[in-house]
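Work through the three exercises below with the structure open. Each task is followed by a stepwise solution.

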Amino acid sequence: MTPDPLNAITSEHVAQVRERLLAWYQTSHRDLPWRQTRDPYRILVSEIMLQQTQAERVVPKYHQFLSRFPSVHSLAAATPGEVIRAWAGLGYNRRAVSLLRAAQVIVERHGGQLPRDRSTLERLPGVGRYTSGAVLCFAFGEDVGFWDTNIARVLHRVFVGPELPARRLSPRQLDALVERLVPRGRGYEWNQALIELGAVQCTARRPACPTCPLQTCCRAFPEIQALLGALPHGTRLKRESSFTGSTRYYRGRLLEYLRQAPDGDGLDLLALGQRLRQNFSPEHLPWLRQLVDDLARDGLVLAEERPGYDAADPRSVRVRLP
Ligand code: SF4
């Protein structure tokens, strides 16, 4: 049986990492607006926005969104179309609809207060294990552990070594590791520090090992340093995947055209197709219909067939925000 790599992590190693990371965080962290509040609604909004969008892009949208929907009650009373419009620029628009539904559940079933226990939080739309942990920790000050791909990468490198497939920690191992690492009474700073290190220092594509506070206690440091040193200047460890032309790209563009459509009246399939593809032709119609149907299933658009609907006529379907 392969030995569990977690058993090889000593208390001294954990203590050293905690001390250095917390000291670095105190002097070096970015001044982000969700770090200046403990308001559970604001923390929830920021965490949903941060799920798949970088902090720098989230900051202006976070302010705009909260001035449009300053409380969980104001959000719960909004229409999906209003929330999807306010989500412009953040991408992964399904999160907007989930956040709206979560606000409605909070108002209808929890008297407008975010639940304080993890399993109830995880029953809210769009809230998974990571977000429930983040809300408990950042809003309610609980010393809980949670991880996403960024935290997992940092912990793997520091405590196990470079993230090679043969060595990769399982979700169960990561759950156990994050719980073990949280220093009692300092969960807030600890989790923020891990997030910060993964965002600015120990990035997936180009970790900045030479200036890292954990350099001397990181198991991956020697190998990553050697690898980066052998690569031409500026080379990244991972290549960026192509976004343009992906389904996500077309979903985002389609919603953007609907946001811009006057009076919330929407656009027919022909107008949408011509905006999405310069060479739009009847052969693209099944592709476009599929794109619209998937968005409709996610609650992001409404597709209405006009009287005398003809599947071959793209003008006979009108698409708008809900
Ligand atoms: S030394 Fe390099 S690999 Fe290790 S935590 Fe720091 S940036 Fe990441």
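**Exercise 1. Map the domains.**
Into which domains is the protein chain divided, and what separates the centres of domain 1 and domain 3?

Solution.
- Step 1. Keep in mind that this is a predicted model.
- Step 2. Mark domain 1 as 5–30 + 145–230, domain 2 as 39–140 and domain 3 as 247–320.
- Step 3. Take the centres of domain 1 and domain 3 over C-alpha atoms; 45 Å separate them.

**Exercise 2. Describe the shell around the ligand.**
How many residues surround the ligand, and which are the closest? Which element gives the largest share of the shell?

Solution.
- Step 1. Count the residues whose C-beta atom, placed from the backbone, lies within 6 Å of the ligand. The count is 15.
- Step 2. Pick out the closest: C202, P207, C209, C212 and C218.
- Step 3. Find the elements that give two or more residues to this shell: helix 9 (149–159) and helix 12 (221–230).
- Step 4. Compare shares. Helix 9 supplies the largest, with three residues.
- Step 5. Sort the shell by character. It holds 12 nonpolar residues, two polar and one charged.

**Exercise 3. Trace the sheet.**
What is the strand order of the open sheet? Which strands lie at its edges?

Solution.
- Step 1. Read the order of the three strands: 1-3-2, with antiparallel pairing.
- Step 2. Look for strands that pair on one side only. These edge strands are strand 1 (267–268) and strand 2 (302–305).
- Step 3. Follow strand 2 to strand 3 (residues 317–320). The two pair in the antiparallel sense over four bridges.
- Step 4. Check the register: L302 stands opposite R320 in strand 3.

Technical notes: Residues numbered from 1 in each chain as written. Predicted model: local features only at pLDDT ≥ 70, side-chain atom pairs only at ≥ 80, totals over all residues. Near = placed C-beta within 6 Å. Nonpolar A, V, L, I, M, F, W, Y, C, P; charged D, E, K, R; others polar. Domains from an automatic or database assignment. Pairing = 2+ DSSP bridges.
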